[in-house]
Amino acid sequence: MEKFLLHFAKIVGTPTQNSGSWVHTFSPTDEEKLVKRGHLFITLGLKEFYGSQEIALLGKEIISRLHEEYYGDLELPAFPHLQQSFKKVFQEATEGAEFILDMGMVVILKNVLYAMVNNGARLLIKRQDELKTLLSQENTLSGFLQNKDVFLLGTKEFFSLLSEENLKTALNASSAQESVEILAPFIHGQPDGAAAAVVLSFSEMKEEQEKK
């Protein structure tokens, strides 16, 4: 089984009274959770919010619930549990809601990626100089990682602000952090704060790195 070094960087839009976005990343220190559930990445975009609750608290609550659901039960295999947790939390959050919500979720477990998105969130991959959309609307997928894969998980609003050329330029950068720095001017200071994304890049772990 191949082993990979994982690097990531995130970008979040400027919040407004009626819109906000969040990126949540988590790598368990608990060995059982790491082995059974892997590394978690979430993007959340919330807009047209007119409720009485503070939007910042609402976004954090939704992410906390999704994190709690996913890592709270270690019995089911990771992929079906991801789908179950995602659907449950989204339904809870939007029942009778006065806002529009889109969510994206990626799990890296060993050398496999699991993902689910809805409501315009998207997952892109750059593999061997080819950029393509893996997920959009409401879909799930699983697949094996390859050396030098780069993934971009983002909200609907994030992708509305960027052209395909913008995305290609950013994901051709030498690191996840550099990709985010290229994307930042398109996202920060926009009138809608629902744009957020996380860039994930992978490189094959060399034998001497495994021994450290």
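A salt bridge is taken here as a side-chain nitrogen of Lys or Arg lying within 4 Å of a carboxyl oxygen of Asp or Glu. Applied to this predicted model, the rule gives a count of nine salt bridges. A few of them are worth a closer look, beginning with a pair that spans much of the sequence.

The side chains of K47 and D192 form a salt bridge, with an N to O distance of 3.3 Å. Here 145 residues separate the partners, and the pair links distant parts of the chain. K47 belongs to strand β3 (residues 39-47), whereas D192 sits in the loop between α6 (176-187) and β10 (196-204). K47 has a relative accessible area of 25%, so this residue is classed as partly exposed.

A second salt bridge brings R127 and D149 together, at 2.6 Å from N to O. The two residues are 22 apart in sequence, and because R127 lies in strand β6 (residues 122-127) while D149 lies in the loop between β8 (139-144) and β9 (150-154), their pairing ties these parts together. The partners fall into separate accessibility classes: D149 is buried, with a relative accessible area of 0%, while R127, at 26%, is partly exposed.

Both members of this pair turn up again around F144, a residue of strand β8. Setting aside neighbours within four places in sequence, F144 is in contact with R127 and D149, and also with N111 and V112. As for N111, its C-alpha atom is separated from that of F144 by 5.9 Å, although these positions lie 33 residues apart along the chain. How accessible, then, is F144? Its relative accessibility is 60%, and since exposed means over 50%, F144 counts as exposed.

A more local arrangement is seen in helix α5. There, K168 and E164 form a salt bridge in which the closest N and O atoms are 3.6 Å apart. Why are these two residues separated by about one helical turn? The reason is their spacing, because they stand four residues apart within helix α5 (residues 164-171). K168 has a relative accessibility of 32% and is therefore partly exposed.

Salt bridges also combine into a wider arrangement in this model. Through shared partners, R65, E68, E69, K88 and E92 are joined into one network.

Terms used
Residues numbered from 1 in each chain as written. Predicted model: local features only at pLDDT ≥ 70, side-chain atom pairs only at ≥ 80, totals over all residues. Heavy atoms only, no water. Buried < 20%, exposed > 50% of the residue type's maximum accessible area, 1.4 Å probe, protein only. Contact = heavy atoms within 4.5 Å.
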